[in-house]
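Trainee: I would like a close look at one part of this model. Please start with a single residue and work outwards.

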Amino acid sequence: PPPQKRHRQLWYLQPLGSFDKFFFTTIGKMVKSSAPKPDLVTRDYTIQLSKLVHKQQHKRRAPRAIKEIRKFAQKAMGTQDVRIDAGLNKHVWSTGIKNPPTRVRVRLSRKRNEDEDAAEKLYTLAQLVEVSSFKGLQTENVIEAA
């Protein structure tokens, strides 16, 4: 191999082991596959909006915060369809377009799509969770009583 690639360890030079957790991309890279996600799950997350809207123009901060919440939910829940609750939207916009809240506690729920001809079977609902302080909060699974 060329000198600049010597430091990389290639997958075909590794000792053989269990490959059931991996798959190969079209260019031959070995990538760890994600385990199948449970269908319906609800979790509480804290999103630090201040670092996500940093260096944005003042008139773009609240819209950018909403887009970043949507992007965070897509990544965390693995669905492209993210619906933001009106209460969460009002909370982000409550301090105006220039100054969205520093942090926001969000409950992300993966739900089944009732519309049968929808492109995706699942969607994510993002709701506001009111907290008095953000100190020491971690991501928590929420058990919903049906």
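What is the relative accessible area of Val131?

Mentor: It is 31%, so Val131 is partly exposed (buried is under 20%, exposed over 50%, partly exposed in between; 1.4 Å probe, protein chains only). This is a predicted model: local features need pLDDT of at least 70, side-chain atom pairs pLDDT 80 or more, while totals for chains, interfaces and linings use all residues. Residues are numbered from 1 along each chain as its sequence is written, and side-chain values use heavy atoms, without hydrogens and water.

Val131 sits in the loop between strand S6 (122–128) and strand S7 (140–141) (strands are DSSP E runs of at least two residues, helices H or I runs of at least four, numbered from the N terminus). With Phe134 and Leu137, Val131 forms a nonpolar surface patch. Together the three offer about 190 Å² of accessible area (Shrake-Rupley, 1.4 Å probe, only the protein chains shown as cover). Patch members have over 30% relative accessible area and no salt bridge; nonpolar side chains are joined within 5 Å, like charges within 9 Å.

Now the setting. The protein chain has three helices and seven strands. Their order from the N terminus is β-β-β-α-α-β-α-β-β-β. Of the 146 residues, 24% are buried. The chain exposes about 11000 Å², with 51% of that from carbon and sulfur atoms.

For contrast, take Ala73 in helix H2 (residues 61–77). Ala73 is buried, at 0% relative accessibility. Ala73 and Ile84 are 11 residues apart in sequence; their C-alpha atoms are 9.7 Å apart.

Next, charge pairs. The whole structure holds five salt bridges (a Lys or Arg side-chain nitrogen within 4 Å of an Asp or Glu carboxyl oxygen). One of them joins Asp39 and Arg112, with the closest N and O atoms 2.9 Å apart. Asp39 lies in the loop between strand S2 (30–32) and strand S3 (42–48), and Arg112 in strand S5 (residues 103–112), so the pair ties together parts 73 residues apart in sequence. Asp39 is partly exposed at 36%, and Arg112 is partly exposed at 44%.

Back in helix H2, Lys71 meets Glu68 in a salt bridge at 3.8 Å, N to O. The two are three residues apart, so about one helical turn separates them. Glu68 is buried, at 11% relative accessible area.

Asp81 pairs with Arg83 at 3.0 Å, N to O. Asp81 is partly exposed at 25%, as is Arg83 at 33%. Arg64, Glu68 and Lys71 are joined into one network by salt bridges that share partners.
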